[in-house]
Structure formats: C-alpha cells, structure tokens
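Q: Could you take a close look at one part of this model for me? I'd like to hear about the ligand's surroundings, and then how the sheet is put together.

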Amino acid sequence: MPVASKTILVTGASRGLGLEFVRQILQLPAAPEVLIAACRNPSSANDLQTLAKANPSLKVIKLDVEKDEDIISAAQETKNIVGDRGLNLLINNAGILVRTEGSELRTQSRENMQRHFDVNCSAVRSNRVISLLVASTDVSCSVSGAREVGIE
Ligand SMILES: NC(=O)c1ccc[n+]([C@@H]2O[C@H](COP(=O)([O-])OP(=O)(O)OC[C@H]3O[C@@H](n4cnc5c(N)ncnc54)[C@H](OP(=O)(O)O)[C@@H]3O)[C@@H](O)[C@H]2O)c1
C-alpha cells in the first residue's frame with residue numbers, strides 16, 4: 001500500500017480493521033510523520049497504547065463519532081498535533097453493523113437503522129476533521145462526502 005501522506009488519522013482504531021490499518025501504516029518504508037489513532041476509550045485500547053509506546057509518531061486520541069462534543073474536541077486535538085501541515089489522509093473506518101432483530105433488513109427497527117446511519121454516514125458528513133483535510137495543501141485521497149467540501 002503506497003502512502004505518501006505526512007499526517008494520517010484513522011478512526012475506530014481500537015480493534016479490527018482500524019487497528020490493522022495503524023499497524024501496517026507504522027511498518028511502511030515511508031511512514032507518515034504523524035499517525036493519529038482515534039478510539040472511543042483510549043485508556044482501555046491496550047493494543048493501541050502498546051503501539052504508541054513503541055512508536056513516538058503515533059498519537060492516540062478519544063473520538064466517539066456519536067458524540068458531537070467528542071468530534072469537536074478530536075478535531076481540535078488533531079489540529080494541535082498536525083499544525084500547519086493539515087491532515088493529508090482521513091481513514092474514516094469507525095462503523096457498526098448491529099443486527100438486533102434478526103439478519104434481514106426488513107426486520108430491523110427504525111431506531112436501529114437510524115443508529116447505523118448516524119454512526120456510519122452522518123458522522124463523517126458533519127465531521128469537523130474534514131475541515132482539516134481542506135486546510136492541508138497535500139490531500140492525497142478522497143473520503144466519503146469530500147466532494148461536497150471541494151475535495152476530489
Ligand atoms: N470486516 C469486514 O469484513 C467489513 C466489510 C465491509 C465493511 N466493513 C466496515 O469496516 C469498518 C471496520 O470493520 P471491522 O470489521 O474492523 O469492525 P469492528 O471489528 O467491529 O471494529 C469497529 C471499530 O469501530 C469502532 N466504533 C464503533 N462505534 C464507534 C463510534 N460510535 N465511534 C467511534 N468508533 C466506533 C469500534 O470501537 P470500539 O472498540 O470502541 O467498539 C471499533 O474500533 C466498519 O465500518 C465496517 O462496517 C467491514
């Protein structure tokens with residue numbers, strides 16, 4: 001995976017694909033200057049904390065995409081970390097797939113479907129982190145919804 005970005009943010013980095021993104025990005029020959037790993041509970045994200053101790057370029061921050069106050073504080077924290085470089089790459093991996101009423105779409109409750117839309121779709125649309133992508137002079141990828149804020 002060739003990645004030339006200097007500053008990268010991965011959401012949902014506590015486990016699964018997000019954690020693996022972090023692991024593999026750290027091993028790249030041209031690793032980023034800063035890799036920010038966002039997760040809901042940094043204090044219990046043991047794998048991430050272990051990686052952060054061994055890799056000074058890895059910063060762990062708190063972000064629950066269902067909480068507006070988290071989005072605001074994570075965006076500010078990201079801004080403080082990346083500074084004038086802006087954010088080159090957002091890997092918006094945080095997501096859910098929770099089937100509470102059987103496995104078929106038609107059996108899901110409105111509440112459950114709305115929660116999926118909130119976590120998996122609305123969060124990135126309203127995510128202030130996208131403004132950091134716009135601030136960067138070296139945006140090297142597209143993200144969902146980026147077209148609407150002028151990123152191709
Ligand atoms: N695995 C697949 O085959 C597959 C296929 C297609 C798409 N995807 C998508 O790829 C993404 C990652 O998949 P995965 O298999 O790695 O899933 P996973 O193992 O369930 O991990 C999901 C990650 O998202 C985080 N997360 C959940 N809700 C969040 C919230 N409200 N705010 C912030 N973080 C939140 C989780 O954090 P906690 O540890 O705090 O719960 C966890 O780090 C998901 O969006 C999934 O829908 C996966």
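How many residues surround the ligand, and which are the closest?

A: Keep in mind that this is a predicted model. Around the ligand you'll find 19 residues, and the closest are Gly12, Gly16, Leu17, Ala94 and Gly95. Sorted by character, that shell splits into 8 nonpolar, 7 polar and 4 charged residues. As for who supplies them, helix 1 (residues 16–26) gives the largest share of the shell, with 3 residues.

Now for the sheet. It's an open one with 4 strands, paired in parallel and ordered 3-2-1-4. Strand 3 (58–62) and strand 4 (89–91) sit at the edges with a single partner strand each, so each has one side left without a neighbour in the sheet. Going from one strand to the next, the twist averages 20°.

Zoom in on strand 1 (residues 7–10) and strand 2 (residues 34–39): their parallel pairing runs over 4 bridges. Along that pair, valine 10 stands opposite alanine 37 of strand 2.

Then come the helices that go with these strands. Helix 3 (residues 68–82) packs on the sheet and touches strand 1, strand 2 and strand 3. Its direction makes about 160° with that of strand 3. Helix 2 (residues 46–54), for its part, lies across strand 2 and strand 3, and runs at about 145° to strand 3. Strand 2 and strand 3 therefore turn up in the descriptions of both helix 2 and helix 3.

Note on methods:
Residues are numbered from 1 along each chain as its sequence is written. This is a predicted model: local features need pLDDT of at least 70, side-chain atom pairs count only at pLDDT 80 or more; totals for chains, interfaces and linings use all residues. A residue is near a molecule or strand if its C-beta atom, placed from the backbone, lies within 6 Å of it. Helices (H or I, at least four residues) and strands (E, at least two) are DSSP runs, numbered from the N terminus. Ala, Val, Leu, Ile, Met, Phe, Trp, Tyr, Cys and Pro count as nonpolar, Asp, Glu, Lys and Arg as charged, and the others, Gly among them, as polar. Two strands pair if DSSP finds at least two bridges between them. Axes are lines fitted to C-alpha atoms, for helices over the stretch in contact, and angles run from 0 to 180 degrees between N-to-C directions. Two residues are in contact if their C-beta atoms, placed from the backbone, lie within 7 Å.
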